[in-house]
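Student: Could we go through this structure together, one piece at a time? I would like to start with the whole and then look at the parts.

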Number of protein chains: 2
Amino acid sequence: MKKPTILDVADSAGVAVGTVSRYLNDQRIRKDNRTRIEQAIADLGYRANTLARAMKTERTNTVGYLVPKFDEFNSGILTQLVRSLRARGYSIVTFHHSDEADAINEALESASSRRIDAIILSGTHEVTEKVQELLTGEQPVIIFNNDVPGVETDKVLVNDEAAAQDAVSRMIDFGHTRIGVVTGDLNGSTGQNRLQGYTKAHEQAGLSVDEELVYVGNWGQLDGYTAMDRFLGMENPPSAVFFSNYLMTIGGLDCLSSNGKQVGKDIDLVTFDDPDMFRLIPPGITAIEQPIEQIARHLTEIVLSRLDGTAPDHPRNIRVNCALKLRGSLGVARKASGKTHEDS
Amino acid sequence: MKKPTILDVADSAGVAVGTVSRYLNDQRIRKDNRTRIEQAIADLGYRANTLARAMKTERTNTVGYLVPKFDEFNSGILTQLVRSLRARGYSIVTFHHSDEADAINEALESASSRRIDAIILSGTHEVTEKVQELLTGEQPVIIFNNDVPGVETDKVLVNDEAAAQDAVSRMIDFGHTRIGVVTGDLNGSTGQNRLQGYTKAHEQAGLSVDEELVYVGNWGQLDGYTAMDRFLGMENPPSAVFFSNYLMTIGGLDCLSSNGKQVGKDIDLVTFDDPDMFRLIPPGITAIEQPIEQIARHLTEIVLSRLDGTAPDHPRNIRVNCALKLRGSLGVARKASGKTHEDS
DNA sequence: TTGTAGGCGTTATCAA
DNA sequence: TTGATAACGCCTACAA
């Protein structure tokens, strides 16, 4: 037996389809008709067909979510989005691309072909052209986490450069003068900006950057391991390292532990991203915490206002601030130089 | 300007819609028509409307994914599923319910209303009735991670009891006789089975279980903290603790570090789940690793075969095994008793 | 307030 | 092979 349609409901309730449709869309309807329709729906186990509705209304009540991978950060955002958007009747279709251009294309084509109402995506430079194409369509595109420069659309980003600069300045305050940095992919704005923060902190302190201490990775755990390995093997190794994301930090920690080095004692360490466990890895990893809830809230607000039509015409560009969580992994040089600092 | 339809393509190519449709569905078509259609599609930037297609075919090429939350485990599975199912043309709509009955209902209703082709879900006892309802429909339901007893459908589960028993037996081997356990919700099979494993290990070793050492939590970080706090405050505290999942372990670790206790020295610790960082938390957390890839592979295989119609009539019931990763957090009593053991 | 009918973009059927 | 046409389930005028 097939699924009942609005027509079956109408029959069973003894009214016309139009009436049932109006009932489903919360429009005025006679009271006795209402009860009979409700009865019929319950009897038949009727469930509205979203597809058919979408055909007419041109609204699928679906939002796409495209990220490189479902790591702690992206999963956290997803959790919030599912909750807040579901409350407004939207479902979320997820895609991830692992930084592969093919996967990106496929995802965006699938999204477009499914006529999703909007798409939230974490940029990658590979994404640029395709996104432009999307933008010419009528689907709102909201970019977060990683900027796609030159694309004019709503964006919710963190203050990468400022946060990195702040963190590295703190490291300098603590007495470090040779600070290694492990960056992510420099084709993306996130990678660039975080490195830029590192550089500016040095400039501001009148220190020069030793190019040898700049390791360009690509956000992966292995990059962190390799970088740290290289640092440790140097004639004059850095006394502290700044990592541009948490995965690379994990790699770095792994390398340190393989080499019997102790964080906060043999070497200091500060990282972008603050997954829960960084608190628990002795002596506590000093980390830049990205405000996931806040980012998700902005994304939700923007998506909904775009879909309502209540959003302003011009694209919105939001930058949220990060907090530096000072922990034991920043301490080596302080002890060496005898300086003292209070936590923030 | 609206999106071009198959009709526009037909016009532009000078053929009938039926021909275009056949082209789109990889059916035989005259060569010259094929090239003209491809030309037209490129010119117009045509993209097939999945909705309209779904109306006819009764296939949305969409799979639902419903879990309590997007933690490391569920995100890992999701990552694999998105990849493997996307390769076959399926998209994934995600839902999470935070163990709230309302959210579950809403998710399942939304899923049903969207006419998804199948749904993969991590069971909860609250889910039972609703799932039964779903099962009467024609959408395949695949349960993983947490069983929903009494529901006859495809399942992919890990050998919770055996893995827990094995782990706790190891703890006993290492000389522990007072072992605390922090369980998850006992309304679900996962919680029950893991506790059962703990109990059986004791039985097998001829040890009795001190009820005082059984803390019933609900999978959350706070539960782990509270449990450990209670253990530490005891007259005769346990020398080791078995945690039923990683979140509770994190809570427990947090509590230990707050109290200045050292893992593997003051107290031993073994946990279900093996997120990456457990390796890095000194002295390394001994953990039961769930084979995420394997689980995802089974899920994929089952979903696809159900949708193909190539699956057997009876529900499949798959149990995968877990590996115990021995690390430094299991060692206290060994040293105390002078025993030696080799790793597995 | 209600009933009727046309159309959303596809696919499937049938004749040509 | 191809073209024409009737569905698929719903919404929305429009007329009653």
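Student: By what turn and shift can chain B be laid on chain A, and with what RMSD?

Tutor: This is a predicted model, in which local features need pLDDT of at least 70 and side-chain atom pairs count only at pLDDT 80 or more, while totals for chains, interfaces and linings use all residues. Residues are numbered from 1 along each chain as its sequence is written, chains are lettered from A and ligands numbered from 1 in the order in which they are written, and side-chain values use heavy atoms, with hydrogens and water left out. A turn of 180° and a shift of 0.1 Å along the axis lay chain B on chain A with an RMSD of 0.1 Å, the superposition being by least squares on the C-alpha atoms of residues with pLDDT of at least 70 in both. The two copies are thus related as by a two-fold rotation axis.

Student: Which C-alpha of chain B is nearest the axis?

Tutor: That is the C-alpha of Val93(B), 2.2 Å from the axis. The same surface serves both copies, since 100% of the contact residues of chain B recur in chain A, where contact means heavy atoms within 4.5 Å.

Student: And what is the strand order in the sheet of 12 strands?

Tutor: The order in this open sheet is 11(A)-5(A)-4(A)-3(A)-1(A)-2(A)-2(B)-1(B)-3(B)-4(B)-5(B)-11(B), and the pairing is mixed. Strands here are DSSP runs (E, at least two residues) and helices are runs of H or I of at least four residues, both numbered from the N terminus, and two strands pair if DSSP finds at least two bridges between them.

Student: Which strands are at the edges?

Tutor: Strand 11 (317-320) of chain A and strand 11 (317-320) of chain B are the edge strands, each pairing on one side only. From one strand to the next, the twist averages 20°.

Student: How many bridges join strand 4 and strand 5 of chain A?

Tutor: Strand 4 (residues 141-144) and strand 5 (residues 154-158) of chain A pair in the parallel sense over 3 bridges, and Lys155(A) in strand 5 is the bridge partner of Ile143(A). Helix 12 (residues 292-308) of chain A packs on the sheet, with its direction at about 175° to that of strand 5 of chain A.

Student: Switching to helices, at what angle do helix 8 and helix 9 of chain B pack?

Tutor: Helix 8 (residues 160-173) and helix 9 (residues 189-205) of chain B pack at about 40°, with their axes 7 Å apart. Axes are lines fitted to C-alpha atoms, for helices over the stretch in contact, and angles run from 0 to 180 degrees between N-to-C directions. Helix 8 of chain B and helix 9 of chain B are therefore oblique to each other, given that angles under 35 degrees count as roughly parallel, over 145 as roughly antiparallel, 65 to 115 as roughly perpendicular and the rest as oblique.

Student: What about helix 1 and helix 2 of chain B, at what angle do their axes cross?

Tutor: The axes of helix 1 (residues 6-13) and helix 2 (residues 17-24) of chain B cross at roughly 110° and come within 8 Å. That makes helix 1 of chain B roughly perpendicular to helix 2 of chain B. Among the residues making the contact are Leu7(B) of helix 1 and Leu24(B) of helix 2.
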